[in-house]
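Please look through the structure shown here, which the paragraphs below describe step by step. The account starts from a single loop residue and works outward.

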Amino acid sequence: MPLEFQQTRTGSQLQCHMGTAVDDHKNGVYWAVSPHARATIGVDGGVLLDIEKGLCYSLNLVGAKIWLAIESGNSQTTFERIVNALAPQFTVPREQLVRDIDEYLRDLEKKGLIKAAGRV
């Protein structure tokens, strides 16, 4: 159930949907939060703000946990680290979690909210 952004009247929201295959280039890459992205995370999800574009996105619980995993890595967060951080928190097959996280990272990167900070 990959996460994708959906437009709403108040901004965009991340939702879970069935997904696609994992991009191999995600492995071996460090992920970092873009300097113009700000987040507020709560127990049920969170809000992302792109201060450059003036856009606001809401996150569901899964999206918020992925964001926290990226943010807490100080530009040293790998795909595998994100998967390992979330795997114990959700009762889904690991293959599905890998696809979901891959799709979410693609969405965040496409929107400029995260960036590949380098190779492992």
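Which residues does Ala-87 touch, not counting residues up to four places away in sequence? In this predicted model, the answer is Arg-94 and Leu-97. Ala-87 sits in the loop that runs between α2 and α3. With a relative accessible area of 27%, Ala-87 is partly exposed, because a residue counts as buried only under 20% and as exposed only over 50%. Val-98 is 11 residues from Ala-87 along the chain, and the C-alpha atoms of the two are separated by 9.2 Å.

The helices on either side of this loop come next. Helix α2 covers residues 79-86 and helix α3 covers residues 94-110; their axes come within 10 Å and cross at roughly 125 degrees. An angle of that size falls outside the ranges for roughly parallel, roughly perpendicular and roughly antiparallel, so α2 is oblique to α3. The crossing of the two helices is right-handed. On the α2 side, the contact is made by Phe-79, Glu-80, Ile-82, Val-83, Asn-84 and Leu-86. The residues that α3 brings to the contact are Arg-94, Leu-97, Val-98, Ile-101, Asp-102 and Leu-105. By type, the contact residues divide into 8 nonpolar, 1 polar and 3 charged. Arg-94 and Leu-97, which take part in this contact, are also the residues that Ala-87 touches.

One of the charged residues in the contact deserves a closer look. Asp-102 lies in helix α3 and is among the residues that meet α2. Its relative accessible area is 0%, so Asp-102 counts as buried. The side chain of Asp-102 is joined to that of Arg-106 by a polar contact of 2.5 Å.

Helix α1, residues 61-71, can be read in a similar way. Its buried residues are Val-62, Gly-63, Ala-64, Ile-66, Trp-67, Ala-69 and Ile-70. The N-terminal end of α1 is capped by Asn-60, which has a side-chain oxygen 3.3 Å from the backbone nitrogen of Val-62. Val-62 thus appears both in this cap and among the buried residues of the helix.

Finally, the protein as a whole. It contains 3 helices and 8 strands, and along the sequence these follow the pattern β-β-β-β-β-β-α-β-α-α-β. The protein has 120 residues, of which 39% count as buried. Among contacts with a separation of 6 or more, 59% are between residues 24 or more positions apart.

Notes. Residues are numbered from 1 along each chain as its sequence is written. This is a predicted model: local features need pLDDT of at least 70, side-chain atom pairs count only at pLDDT 80 or more; totals for chains, interfaces and linings use all residues. Side-chain values use heavy atoms; hydrogens and water are left out. Axes are lines fitted to C-alpha atoms, for helices over the stretch in contact, and angles run from 0 to 180 degrees between N-to-C directions. Helices (H or I, at least four residues) and strands (E, at least two) are DSSP runs, numbered from the N terminus. Angles under 35 degrees count as roughly parallel, over 145 as roughly antiparallel, 65 to 115 as roughly perpendicular and the rest as oblique. A crossing is left-handed if the near helix is turned anticlockwise from the far one by less than a right angle, and right-handed if clockwise. Contact means heavy atoms within 4.5 Å. Ala, Val, Leu, Ile, Met, Phe, Trp, Tyr, Cys and Pro count as nonpolar, Asp, Glu, Lys and Arg as charged, and the others, Gly among them, as polar. Buried means under 20% relative accessible area, exposed over 50%, partly exposed in between (1.4 Å probe, protein chains only). A polar contact is a pair of N or O atoms within 3.5 Å; within protein, one must be able to donate a hydrogen and the other to accept it, and residues adjacent in sequence count only if both atoms are side-chain atoms.
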